[in-house]
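User: Please take a close look at the disulfides in this model. Where do they sit, and what surrounds them?

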Amino acid sequence: MLFASALACAALPSAGKAEAAQKTWPERKCEFYAKAWRELLDLSGRDGITAGFIKGNEDFIAAGCSNGADACPESKADIDLANKLTMAAMNFGTASSFLPFVCRQPHKG
């Protein structure tokens, strides 16, 4: 019984690696983007970030980065954060077309 428990515990890290290896590239890109979003938003703070930009990014992530959400950077802080997110996304190997930055209405600022 003790031996079986030890084997089960030893297999856990391998199971985690196997699960990670089974993720698709779109799933991995979304995980990278979600992590970058959280970290950069925490680093930048929310001052000047518009509610619409936050909602657009959070909706995009919640949909598995597959809904083409409208995350329109409108304020200077939004644009700065969008630029940082673009650099992060490019650094982990995504194309710029992956990003959710779309402004469907004329810019207000």
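Analyst: The count of disulfides in this chain comes to two. The model is predicted, and the values below are computed from it.

Take the pair of Cys 30 and Cys 65 to begin with. A disulfide joins these cysteines, with an S to S distance of 2.1 Å. The pair links distant parts of the chain: Cys 30 belongs to helix 2, Cys 65 to the loop between helix 3 and helix 4, and they are 35 residues apart. The angle about the S-S bond is 70°, and the link of Cys 30 and Cys 65 is right-handed. Are these two cysteines buried or exposed? Both Cys 30 and Cys 65 are buried.

The other pair is Cys 72 and Cys 103, which form a disulfide with sulfur atoms 2.0 Å apart. Cys 72 lies in the loop between helix 3 and helix 4, while Cys 103 lies in the segment after helix 4, so this disulfide ties together parts that are 31 residues apart in sequence. The torsion about the S-S bond of Cys 72 and Cys 103 is about 100°, so this disulfide is right-handed. The two ends of the pair can be taken in turn. Cys 72 has a relative accessible area of 16%, and because buried means under 20%, Cys 72 is buried. Cys 103, at 42% relative accessibility, counts as partly exposed. That label applies because 42% falls between the 20% limit for buried and the 50% limit for exposed.

With the bonded cysteines of the chain numbered in sequence order, the pairing reads 1-2, 3-4.

Now the surroundings of Cys 30. Helix 2 covers residues 25-44, which is 20 residues. At 1.5 Å a residue, helix 2 should span 28 Å, and its end C-alpha atoms are 28 Å apart, so the expected span and the model agree. Cys 30 is one of the buried residues of helix 2, along with Lys 29, Tyr 33, Ala 34, Ala 36, Trp 37, Leu 40 and Leu 41. What do the buried residues of helix 2 pack against? They pack against helix 3, residues 51-62, and helix 4, residues 76-91. Just after helix 2 comes Gly 45, with a positive phi of about 80°.

Next, the surroundings of Cys 72. Asp 78 is a useful residue to look at here, as Cys 72 is among its contacts. Asp 78 is found in helix 4. With 0% relative accessibility, Asp 78 counts as buried. Its side chain joins that of Thr 50 in a polar contact of 2.6 Å. Leaving aside neighbours within four places in sequence, Asp 78 is in contact with Gly 48, Ile 49, Thr 50, Phe 53, Cys 72 and Pro 73.

Last, the chain as a whole. The chain has four helices and zero strands, and its pattern along the sequence is α-α-α-α. Of its 109 residues, 28% count as buried. Among contacts between residues at least 6 apart in sequence, 67% join residues at least 24 apart. The chain exposes about 7200 Å², of which carbon and sulfur atoms supply 60%.

How values were computed: Residues are numbered from 1 along each chain as its sequence is written. Side-chain values use heavy atoms; hydrogens and water are left out. Helices (H or I, at least four residues) and strands (E, at least two) are DSSP runs, numbered from the N terminus. The expected span of a helix is 1.5 Å times one less than its number of residues. Buried means under 20% relative accessible area, exposed over 50%, partly exposed in between (1.4 Å probe, protein chains only). Contact means heavy atoms within 4.5 Å. A polar contact is a pair of N or O atoms within 3.5 Å; within protein, one must be able to donate a hydrogen and the other to accept it, and residues adjacent in sequence count only if both atoms are side-chain atoms. A disulfide is a pair of cysteine sulfur atoms within 2.5 Å. Accessible areas come from the Shrake-Rupley method with a 1.4 Å probe; for residues, only the protein chains shown count as cover.
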